[in-house]
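The following exercises are to be worked with the sequence and the model at hand. Each task is followed by a solution in steps.

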Amino acid sequence: MTEFEKRLCFKTAHDLLDGYRRKEFTPVDVVKDILKRIGEVNAIYNVMVFVQKEEELMKQAEASAKRWQEGKPEGCLDGVPATIKDLLFVPGMPTTEGSKITPFPPDHPFVSPTVKGLLKHNALIIGKVTTSEYGWRASGVSPNSGITRNAFDHTKATGGSSCGSAVSVQLGFSPISIGTDAGGSIRIPATH
């Protein structure tokens with residue numbers, strides 16, 4: 001069995017939900033493995049611009065694990081980790097939009113509609129991922145976070161303003177990542 005097959009962080013959302021249902025593992029196990037994976041490779045690939053505090057993630061994962069243990073999951077993504085492009089607003093998380101000029105502090109009043117949907121279905125928001133400044137460039141480079149590296153060849157850039165979203169899934173930081181696309185922002189990094 002390969003590392004890819006062994007690690008919980010590489011499982012799809014469907015596989016995670018199936019594993020929770022069968023009580024093979026819990027959201028707590030998955031979050032621990034994802035945080036471990038981020039610690040192992042994020043410095044090489046430069047994907048995460050903000051990671052939720054471990055205590056907060058574990059609190060949410062434990063609540064989800066309890067619901068699964070009782071056979072009462074809430075929402076169709078209960079306990080499934082997700083990452084969010086740093087153009088979108090998540091409660092309690094800063095939003096830089098890939099820029100050093102206009103950061104929104106964690107206490108901003110905004111919540112993006114896609115994020116509302118994830119939260120409604122009890123997804124676990126691991127954190128925010130890189131984007132090019134304001135999502136305007138297809139390079140995968142930002143003055144705020146630098147170059148997001150390609151998951152298959154870290155000597156190359158990923159491309160696309162949803163670079164962090166694509167690479168976070170490829171590297172096992174989350175099985176779901178919300179990006180945005182107007183001119184190839186998701187399509188460019190997804191093809192690499």
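**Exercise 1: Architecture**

The protein contains seven helices and six strands, where helices (H or I, at least four residues) and strands (E, at least two) are DSSP runs numbered from the N terminus. This is a predicted model, in which local features need pLDDT of at least 70 and side-chain atom pairs count only at pLDDT 80 or more, while totals for chains, interfaces and linings use all residues. Residues are numbered from 1 along each chain as its sequence is written, and side-chain values use heavy atoms, with hydrogens and water left out.

Task: State the order of the helices and strands along the sequence.

Solution: Read along the sequence, the pattern is α-α-α-β-α-β-α-β-β-β-α-β-α.

**Exercise 2: Overall dimensions**

Task: Establish whether the radius of gyration agrees or disagrees with that of a compact globule.

Solution:
1. The radius of gyration is taken over C-alpha atoms, and the globule rule is 2.2 Å times the number of residues to the power 0.38.
2. For 192 residues the rule gives a value near 16 Å; the protein has 16 Å, so the two agree.
3. The C-alpha trace spans about 45 × 45 × 25 Å along its principal axes.
4. Of the 192 residues, 49% count as buried; buried means under 20% relative accessible area, exposed over 50%, and partly exposed in between (1.4 Å probe, protein chains only).
5. Among contacts (heavy atoms within 4.5 Å) between residues at least 6 apart in sequence, 67% join residues at least 24 apart.

**Exercise 3: A strand and its partner**

Task: Determine whether strand S2 is enclosed by the rest of the structure or not, and in which sense S2 pairs with strand S3.

Solution:
1. Strand S2 covers residues 81-85, and five of its five residues are buried, so it is largely enclosed by the rest of the structure.
2. S2 pairs with S3 (residues 124-129) in the parallel sense, over five bridges; two strands pair if DSSP finds at least two bridges between them.
3. One residue pair can be named: lysine 85 has valine 129 in S3 as its bridge partner.

**Exercise 4: Glycine 160 and helix H6**

Task: Locate glycine 160, classify it as buried or exposed, and describe the cover of helix H6.

Solution:
1. Glycine 160 lies in the loop between strand S5 (146-147) and helix H6 (163-170).
2. Its relative accessibility is 0%, so glycine 160 counts as buried.
3. Apart from neighbours within four places in sequence, glycine 160 is in contact with Arg137, Ala138, Ser139, Gly140, Gly184, Ser185, Ile188 and Pro189.
4. Glycine 160 and alanine 82 are 78 residues apart in sequence, and their C-alpha atoms are 19 Å apart in space.
5. H6 is mostly covered, with six of its eight residues buried: Cys163, Gly164, Ser165, Ala166, Val167 and Ser168.
6. Just after H6, glycine 172 adopts a positive phi of about 85°.

**Exercise 5: Asparagine 42 and threonine 26**

Task: Find the burial class of asparagine 42 and that of threonine 26.

Solution:
1. Asparagine 42 is found in helix H3 (residues 27-45).
2. Because its relative accessible area is 15%, asparagine 42 is buried.
3. Not counting residues up to four places away in sequence, asparagine 42 touches Arg37, Val47, Met48 and Phe173.
4. Threonine 26 is placed in the loop between helix H2 (13-22) and H3.
5. With a relative accessible area of 28%, threonine 26 is partly exposed.
6. Leaving aside neighbours within four places in sequence, threonine 26 is in contact with Tyr20 and Ala65.
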